[in-house]
Amino acid sequence: MNKNDFFIHETAVKDEPCEIGEGTKIWHFSHIMKNSRIGKNCNLGQNVVVSPDVVLGNNVKVQNNISIYTGVICEDDVFLGPSMVFTNVINPRSAVPRRDQYAKTTVRKGATIGANATIVCGNDIGRYAFIGAGAVVTKAIPDYALVVGNPSKQIGWMSEYGHRLHFDEHNRAQCPESKDFYILENGQVKKEN
């Protein structure tokens, strides 16, 4: 790979081997650890740690002060807000090694996780879900769900453009920005074709 395919700040550390996609930018004091894979056109802010075997898709935005631990996969177009937290062990103890017990957490395409939110490991985040700032996620989150609080509770649905959806009597809603329509059926939201 040519040095010009991605940007890494001189204060950042990149262990080998790892993969960093074209157009990706990695900023001050970040650490990319071995066997991690970062896609194209990602932006990793200041003081970000990407642990071994982490996978980030294309166009992932990682704000400042985030550690992405082994077991986390972020699909394309994921947004991770400043100082949000992933965990990777359910019952950590300093004196009890549990490196073989890392739980998997997948953040699906287009999801947003707000500033200072915490994602307890093993709880997947659905496509285009929106986790409010400071929320503590303790269970799986469905596609397009809007959740807030501690522990997080679903309070609505969000469009792919990040607008709250208001469903009519026919269980249809329209995004005010994209003008796309969504349908709510059996407790699940899908975008109309």
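These legends describe close-up views of one predicted model.

**View 1. The whole chain, built from strands.**
The model is predicted. The protein chain has 24 strands and 0 helices. Its C-alpha trace spans about 55 × 45 × 20 Å along the principal axes. The radius of gyration is 18 Å. A compact globule of 193 residues would have a value near 16 Å, so the chain agrees with that expectation. Of the 193 residues, 40% count as buried.

**View 2. Surface, charges and contacts of the chain.**
The accessible surface of the protein chain comes to about 10,400 Å². Carbon and sulfur atoms account for 47% of that surface. The chain carries 21 positive and 20 negative charges. The mean positions of these two sets are 5 Å apart. Now take the contacts between residues at least 6 apart in sequence. Of these, 15% join residues at least 24 apart.

**View 3. The open sheet of 9 strands.**
Follow the strands in order: S1-S4-S7-S10-S13-S16-S18-S20-S21. The sheet is open, and its pairing is mixed. Strand S1 (7–8) and strand S21 (153–157) are the edge strands. Each of these edge strands pairs on one side only. The next views pick out parts of this sheet.

**View 4. Strands S4 and S7, a parallel pair.**
Strand S4 covers residues 25–26, and strand S7 covers residues 43–44. They pair in the parallel sense. The pairing runs over 2 bridges. Look for Ile26: it stands opposite Leu44 in S7. Ile26 also appears in the next view, as a contact of His9.

**View 5. His9, in a loop after S1.**
His9 lies in the loop between S1 and strand S2 (13–14). Is His9 buried or exposed? It counts as buried, because its relative accessibility is 16% and the cut-off for buried is under 20%. Which residues does His9 touch, leaving out those up to four places away in sequence? They are Ile26, Trp27 and His28.

**View 6. Ser51, a buried loop residue.**
Ser51 sits in the loop between strand S8 (49–50) and strand S9 (55–56). Its relative accessible area is 7%, so Ser51 is buried. Leave out residues up to four places away in sequence, and Ser51 touches Met33, Ser36, Ile68, Tyr69 and Thr70.

**View 7. The open sheet of 3 strands.**
Here the order is S14-S17-S19. The sheet is open and its pairing is parallel. Its edge strands are S14 (85–86) and S19 (136–137). Each edge strand pairs on one side only. S14 and strand S17 (residues 118–119) pair in the parallel sense over 2 bridges. One residue pair to find is Val85 with Thr118, its bridge partner in S17.

**View 8. Arg127, in the loop between S17 and S18.**
Start with the place of Arg127: the loop between S17 and S18. Arg127 has 32% relative accessibility, so it counts as partly exposed. Not counting residues up to four places away in sequence, Arg127 touches Arg108, Lys109, Asp143 and Tyr144. How are Arg127 and Glu10 placed, with their positions 117 residues apart along the chain? Their C-alpha atoms are separated by 34 Å.

**View 9. Strands S18 and S20, parallel partners.**
Strand S18 covers residues 130–131. S18 and S20 pair in the parallel sense over 2 bridges. Find Phe130, then look across to S20. The bridge partner of Phe130 there is Leu146.

**View 10. The hairpin of S20 and S21.**
Strand S20 covers residues 145–148. In which sense do S20 and S21 pair? They pair in the antiparallel sense, over 4 bridges. Ala145 has Trp157 in S21 as its bridge partner. Val147 stands opposite Gln154 in S21. The hairpin has 4 residues between the strands. Gly149 takes a positive phi near 95° in this hairpin. S21 is also an edge strand of the sheet in View 3.

Note on methods:
Residues numbered from 1 in each chain as written. Predicted model: local features only at pLDDT ≥ 70, side-chain atom pairs only at ≥ 80, totals over all residues. Heavy atoms only, no water. Pairing = 2+ DSSP bridges. Rg over C-alpha atoms; globule rule 2.2 N^0.38 Å. Buried < 20%, exposed > 50% of the residue type's maximum accessible area, 1.4 Å probe, protein only. Contact = heavy atoms within 4.5 Å. Areas by Shrake-Rupley, 256 points an atom, 1.4 Å probe, with all protein chains shown as cover. Lys, Arg positive; Asp, Glu negative; His and termini not counted. Charge placed at Lys NZ, Arg CZ, Asp CG, Glu CD.
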